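Hi,

Here is the model I said I would pass on. Have a look at it first, and then read on for what turned up.

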Amino acid sequence: MLFHKIRLALAAATLAIFGLTGAPAMAQLYNPCPYTNDGDCDEPNGLNLCEWGTDANDCSNPNAYYGSGPGYSAGIYGPATPIPTPTPTPVPVACPYTNDGDCDEPNGLNLCAWGTDANDCSNPASNHGAGPGFAAGIYAGGAAPAPAPAPAPAPTPGAMTAISSGAFVHGGGGGYSGCPNYAIANTAFGQHTMYAGQGNYRVPRITAGGRFALTNCFPGTGWRGFTITRPDFRFFYQGNSPTGRLTFQLTSNVVDTILLVNTPDGQWFFNDDSNGTFNSTLTFSPVLAGQYDIWAGAYNNSSNNPAELWIYE
């Protein structure tokens with residue numbers, strides 16, 4: 001049978017080549033195929049005697065023959081590449097707390113899935129616990145909020161010394177209502193970091209005075225003057241002073257100033273008049289790196305007096 005079919009296939013091809021048939025060779029292929037299940041692939045990829053799809057059992061069998069090889073390997077019946085099963089996109093569960101002014105997604109109160117409280121979490125005025133969800137999530141801004149500053153470690157008194165004349169030191173202080181308190185995070189006039197070798201720094205804006213009397217805050221010192229409770233200014237010093245000194249100078253043309261500084265080791269230093277003037281100066285040597293909290297006060301009960309604060313190495 002195989003030999004007979006090969007002869008038929010060759011004859012059909014010859015007729016097609018020499019134009020002896022009125023139609024293309026493919027038009028002469030059998031449909032249906034009379035040679036099914038005979039172990040030979042008779043479709044065009046095999047012996048080319050039958051139409052595509054009419055000898056499926058033989059042509060999909062890797063052990064079937066057509067001429068010199070298996071029809072299975074070159075035809076339309078090769079093993080199909082499996083189509084990956086698509087991963088379904090989860091549909092977020094609706095958030096029951098939308099439009100309530102709180103960001104309830106994971107970057108907020110963590111009560112709802114991402115994207116389900118978009119109006120609140122994309123609004124910079126919304127809250128989530130202690131701050132706006134807008135700044136920490138998947139909406140505009142995108143950046144995580146800055147972490148809250150760590151509380152200042154408990155100071156160890158005794159490391160710093162003021163060498164300026166008229167400077168008074170006290171190891172305690174604070175703890176009374178209205179007294180200077182270095183643990184308050186917000187200052188009246190900001191803060192600045194200065195690195196060793198930069199020379200000097202002038203605080204851009206500061207006023208002298210307050211309504212709280214120092215006599216109620218540092219028992220036994222005799223310190224007099226009026227300040228506010230929070231620091232007027234917070235100063236950070238980094239490195240080793242090239243002069244071995246650090247000076248704070250408070251001046252004013254309208255008021256008798258007093259100067260109060262809490263140093264990195266937790267000590268309180270006070271000065272009223274210096275160098276024969278009504279201005280105030282504190283000079284430290286040696287110099288500790290770290291946080292200095294500064295109060296610009298007035299000797300008399302007054303507030304908002306124009307002043308200047310300079311810091312020198």
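Before anything else, one cut-off: a residue counts as buried when its relative accessible area is under 20%, as exposed when that figure is over 50%, and as partly exposed in between. Please also keep in mind that this is a predicted model.

With that in hand, start with Asp 293. Its relative accessibility is 1%, so Asp 293 counts as buried. Its side chain meets that of Arg 234 in a salt bridge, with 2.5 Å from N to O. Asp 293 sits in strand E12 and Arg 234 in strand E7, so this pair ties together parts that are 59 residues apart in sequence. Arg 234 is buried too, because its relative accessibility is 6%.

How many salt bridges does a search of the whole structure find? Two. The other one I'd point you to joins the side chains of Arg 202 and Glu 308, at 3.3 Å from N to O. Here again distant parts of the chain are linked: Arg 202 belongs to strand E3 (residues 200-202) and Glu 308 to strand E13, 106 residues apart. Arg 202, at 34% relative accessibility, counts as partly exposed, and Glu 308 falls in that class as well, at 32%.

Now for the chain as a whole. It has 313 residues, and 37% of them count as buried. Its secondary structure is made up of three helices and 13 strands. If you take the contacts between residues at least 6 apart in sequence, 61% of them join residues at least 24 apart. The accessible surface is about 17,000 Å², with 56% of that belonging to carbon and sulfur atoms.

On to the inside. In soluble globular proteins, nonpolar side chains tend to be buried together. In this model the largest nonpolar core has 28 residues, and the members that touch the most others are Phe 235, Phe 248, Tyr 292 and Ile 294. Several strands each supply at least two residues of this core, among them E7 (233-238), E8 (246-251) and E13 (305-312). The largest share comes from E12, with four residues. Phe 248 is a good place to zoom in: beyond its neighbours within four places in sequence, its contacts include Phe 235, Leu 259, Leu 282, Tyr 292, Ile 294 and Trp 310. There is also a second, separate core of ten residues, including Leu 214, Ile 258, Leu 260 and Phe 270.

Another residue to click on is Asn 262, in strand E9 (residues 257-262). Is Asn 262 buried or exposed? Buried, because its relative accessibility is 3%. Its side chain reaches the backbone oxygen of Gly 266 at 3.4 Å, and a polar atom of that side chain lies 3.5 Å from the backbone oxygen of Gln 267. Leaving out residues up to four places away in sequence, Asn 262 touches Asp 293 from the salt bridge above, along with others including Tyr 182, Trp 268, Tyr 292 and Trp 295.

Last, the outside. Tyr 97, Leu 109 and Leu 111 make a nonpolar surface patch of about 270 Å². Leu 111 is in the loop between helix H2 (56-59) and helix H3 (118-121). With a relative accessible area of 52%, Leu 111 counts as exposed.

Cheers

Key:
Residues numbered from 1 in each chain as written. Predicted model: local features only at pLDDT ≥ 70, side-chain atom pairs only at ≥ 80, totals over all residues. Heavy atoms only, no water. Buried < 20%, exposed > 50% of the residue type's maximum accessible area, 1.4 Å probe, protein only. Polar contact = N/O pair within 3.5 Å; in protein donor to acceptor, adjacent residues only side chain to side chain. Contact = heavy atoms within 4.5 Å. Areas by Shrake-Rupley, 256 points an atom, 1.4 Å probe, with all protein chains shown as cover. Core = buried A, V, L, I, M, F, W, Y, C linked by side-chain atoms within 4.5 Å. Patch = residues over 30% accessible without salt bridge, like charges linked within 9 Å, V, L, I, M, F, W, Y side chains within 5 Å. Salt bridge = Lys/Arg side-chain N within 4 Å of Asp/Glu carboxyl O.
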